[in-house]
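Please work through the exercises below with the sequence and the model side by side. Each task is followed by a solution that goes step by step.

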Amino acid sequence: MGKKGKTARLKRKPAPASWPIHRKEAVWVVKPSSGSHSLDKCIPLTLVLREMLGVAQTRKEGKLILTEGKVMVNGVVYKKDDIPVGLMDVIALPDSGKYYRVIPSKHGLVLTPISKEESNHSLLRVENKSTVSNGVQIALHNGSNMLIQVADPKNPIEVPYETFDILKVTYPEKTITETLKTKEDNLAIITGGKNIGKVGKIIEIEKTVAKKRRQALVMIEDEKGVRYQTIMDLVFSIGKDAPMVNVLETSAVE
């Protein structure tokens, strides 16, 4: 008889290479629950507490910290230890006054310390939008959706957001305060591939005719003049003249 549905277990060897775990010290590792991020683009919250921040020595200790409501992700208290956290998510430990943002680097996803003020907002990329009966639904890169009410769903002129636009959103209200287009001369960070974590100015975006825009080639130049080529799907705009959030890789553990 064939298996039904997905397995709830994950072995360490096939786990994403970017996870900061020892592959041979045990067989199993925590599998993130289905939700905001795909398996290869996230890390379970318990591994963040145990392996990346060092505030827990075991999974049991991590569960205790979460049960007491001492950890917030994007302004919301989570008590399940398998919650997936990914790109641009904000992790807050209010009792200790420490706040972190998940950013991409050559080591995969890492945490960079941020201020309490910066922890109140984040950047979300528009992945798609669709018309529904009562408005326009905006799909974002972290798996969440926004429903925008419009007068005429068949002609939603009130919705200026397009795919790959970046929305600066406040937490926990999820109010849009600023919009950034993914276009030439804007700053961006590469979120995947061999150049993951590289930050620079968008020099050129290929004009697509016979292929999907997600596969369009993008040229990015860093502050040293070094150029990197990637595809549109792996480009995340972060600002115009300066980044709107901190994306510098620094040690999260003091």
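Two strands are said to pair if DSSP finds at least two bridges between them. The model used throughout these exercises is a predicted one.

**Exercise 1.** Describe how strand β10 is joined to strand β11, and in which sense the two run.

*Solution.* Begin with strand β10, which covers residues 121-132, and then find strand β11 at residues 135-140. The two strands run antiparallel and are joined by 6 bridges. One of the bridge partners can be located directly, since V132 is matched with G135 in β11. Finally, look at the connection, where 2 residues lie between the strands of the β10 and β11 hairpin.

**Exercise 2.** Follow the chain onward and work out how β11 pairs with β12.

*Solution.* Strand β12 spans residues 145-148, and its pairing with β11 is antiparallel, extending over 4 bridges. Within this pairing, V136 stands opposite I148 of β12. The hairpin formed by β11 and β12 has 4 residues between its strands, and there G143 takes a positive phi near 90 degrees.

**Exercise 3.** Find the salt bridge between D233 and R125, and explain what it ties together.

*Solution.* First identify the contact, in which the closest N and O atoms of D233 and R125 are 3.3 Å apart. Next place the two residues: R125 belongs to strand β10, whereas D233 sits in the loop between β18 (227-231) and β19 (235-239), so the salt bridge ties together parts that are 108 residues apart in sequence. Then consider accessibility, where R125 counts as buried at 6% relative accessibility, while D233, at 23%, counts as partly exposed. As a last step, widen the view to the network of salt bridges that links R125 and D233 with E127 and R214.

**Exercise 4.** Which residue forms a salt bridge with K129, and where does that partner lie?

*Solution.* The partner is E162, with the closest N and O atoms 3.5 Å apart. K129 lies in strand β10 and E162 in the loop between β12 and β13 (166-170), so that this pair links distant parts of the chain, 33 residues apart. Both residues count as partly exposed, K129 at 30% relative accessibility and E162 at 39%.

**Exercise 5.** Decide whether E25 and R12, which meet in a salt bridge, are buried or exposed.

*Solution.* The N to O distance between these side chains is 3.7 Å. Both E25 and R12 lie in the loop between β1 (10-11) and β2 (28-29), and the pair ties together parts that are 13 residues apart in sequence. E25 has 53% relative accessibility and counts as exposed, whereas R12, with a relative accessible area of 5%, is buried. In total, the structure holds 12 salt bridges.

Terms used. Residues are numbered from 1 along each chain as its sequence is written. This is a predicted model: local features need pLDDT of at least 70, side-chain atom pairs count only at pLDDT 80 or more; totals for chains, interfaces and linings use all residues. Side-chain values use heavy atoms; hydrogens and water are left out. A salt bridge is a side-chain nitrogen of Lys or Arg within 4 Å of a carboxyl oxygen of Asp or Glu. Buried means under 20% relative accessible area, exposed over 50%, partly exposed in between (1.4 Å probe, protein chains only).
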